[in-house]
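Let's take a friendly walk through this protein and its ligand. Have the structure open as you read.

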Amino acid sequence: MSKVYNFSAGPACMPEWVLKTAADEMLDARGSGMSVMEMSHRSKAFESILQETKDTIRRLANIPEDYEILFLQGGGNLQFSMVPMNFTKNGADIINTGQWTKKAVAEAKKLGRVHIAGDSSDKTFTYIPKITQEDLDPDTDYVYICENNTIYGTKYKELPPHEGKRLIADLSSCIFTEPLDVTQYDMIFAGAQKNLGPAGVTLVIIKKDLLDERRDDIPSAMLDYKTYVDSDSMYNTPPTYGIYMVGLVCKWLEEQIGGLEAMEKINKEKAAILYDYLDSSKLFSNPVAVEDRSLVNVPFVTGNPDLDKEFIAKAKDAGFENIKGHRTVGGMRASIYNAMPVEGVQKLVDFMRAFEEEHAAA
Ligand code: PMP
């Protein structure tokens, strides 16, 4: 088997332990005589998988009982609609940090008023706008952010002020990459396909009392968060195999890695290897304001699109997959999520250094 290092922004690399455990359990999951994907979602066997997944998530991030853990479908994009459909009454304050908040703004505008409380489009989203309470519209119901922008490689190090308002955050690309204090938020959501498992499941963690503030005109039960609470995420057939895989990933985080603090330490080590090299390189650079750099999505460029293209092609030949930047920004991007080993980042940096030396000599 030839092993590649997969730097994809999502779907992304998975921990080897998780893939091997899933393979071991593929034909006979926990003595059931069948695969998890063949189980009825109403069976005792699947019910225990769902419960175990929720319990592991709750322990991992110390989630208090006044928060619900839900599994939805439709990815981050459905959340862009569901959030305003459920919670915009007077309006939403949204901080625009790029593609993933622009889409949220477009959907929220269909359902009510949107006030842009901060915007980093003036510098191509290379920083996080630092807002104050005065930047917020006094009449809105909630403040909405994308905590880690996967495309531009920015990350909030401190949450924005939101006195008197709910805070709702898209954690799709940073969930469980570091310790998480859910009590700082009223709701978070994350598509699974970066740090939690395969595409097709969306994790929602929501404060119970926020559910009391839902609009009364939600057009469908499937679009109402309360439906998922009342049915234990089984109103319709849930993404059973995806939920099982999320459970395995969280078990890996808990038992193999040793929890979120241990994970953060490893992620910081990986990020430092890459950013230290980028900051010392004469060829490659990262455009993001240093204090706002993402721990897990690292964009970089040479400044010459032809050279970028050459680098991407040579990197692929050398076994570094999906290093191309997002189609809207170009250049390169290394996504170094939880499952990327330190060794993979070290090898990428060695490869970048050799490429730089080759071009300095030429
Ligand atoms: N939010 C963020 C931060 C993302 O990175 C993405 C996808 N890469 C999305 C939302 C959209 O997710 P999905 O494709 O699952 O709808």
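## Around the ligand

A residue counts as near a molecule if one of its heavy atoms lies within 4 Å of it. Keep in mind that this is a predicted model. Around the ligand there are 13 residues, and N77, T150, D170, Q193 and K194 come nearest. Sorted by character, the shell around the ligand holds 3 nonpolar, 8 polar and 2 charged residues. Helix α3 (residues 75-87) supplies the largest share of this shell, with 4 residues.

## Polar contacts and cover

Which atoms of the ligand pair with polar side-chain atoms of N77 and Q193? For N77, the partner is an oxygen atom of the ligand, 2.7 Å away. Q193 also has a polar side-chain atom placed 2.9 Å from an oxygen atom of the ligand. With D170, an N or O atom in the side chain sits 2.6 Å from a nitrogen atom of the ligand. On its own, the ligand has 400 Å² of accessible area, and the protein covers 84% of that.

## The nonpolar cores

Now turn to the protein's interior. The largest nonpolar core has 53 residues, and those touching the most other members are I57, F176, I188 and L196. Helix α6 (residues 240-257) gives the most to this core, namely 10 residues.

F176 is worth selecting in your viewer. Setting aside its neighbours within four places in sequence, F176 is in contact with I57, L60, A61, L196, C250, L253, L260, M263 and N338. Apart from this core lies another one, of 35 residues, including A12, Y337, M340 and L348.

Conventions: Residues are numbered from 1 along each chain as its sequence is written. This is a predicted model: local features need pLDDT of at least 70, side-chain atom pairs count only at pLDDT 80 or more; totals for chains, interfaces and linings use all residues. Side-chain values use heavy atoms; hydrogens and water are left out. A nonpolar core is a set of buried Ala, Val, Leu, Ile, Met, Phe, Trp, Tyr and Cys residues joined through side-chain atoms within 4.5 Å. Buried means under 20% relative accessible area, exposed over 50%, partly exposed in between (1.4 Å probe, protein chains only). Helices (H or I, at least four residues) and strands (E, at least two) are DSSP runs, numbered from the N terminus. Contact means heavy atoms within 4.5 Å. A polar contact is a pair of N or O atoms within 3.5 Å; within protein, one must be able to donate a hydrogen and the other to accept it, and residues adjacent in sequence count only if both atoms are side-chain atoms. Accessible areas come from the Shrake-Rupley method with a 1.4 Å probe; for residues, only the protein chains shown count as cover. Ala, Val, Leu, Ile, Met, Phe, Trp, Tyr, Cys and Pro count as nonpolar, Asp, Glu, Lys and Arg as charged, and the others, Gly among them, as polar.
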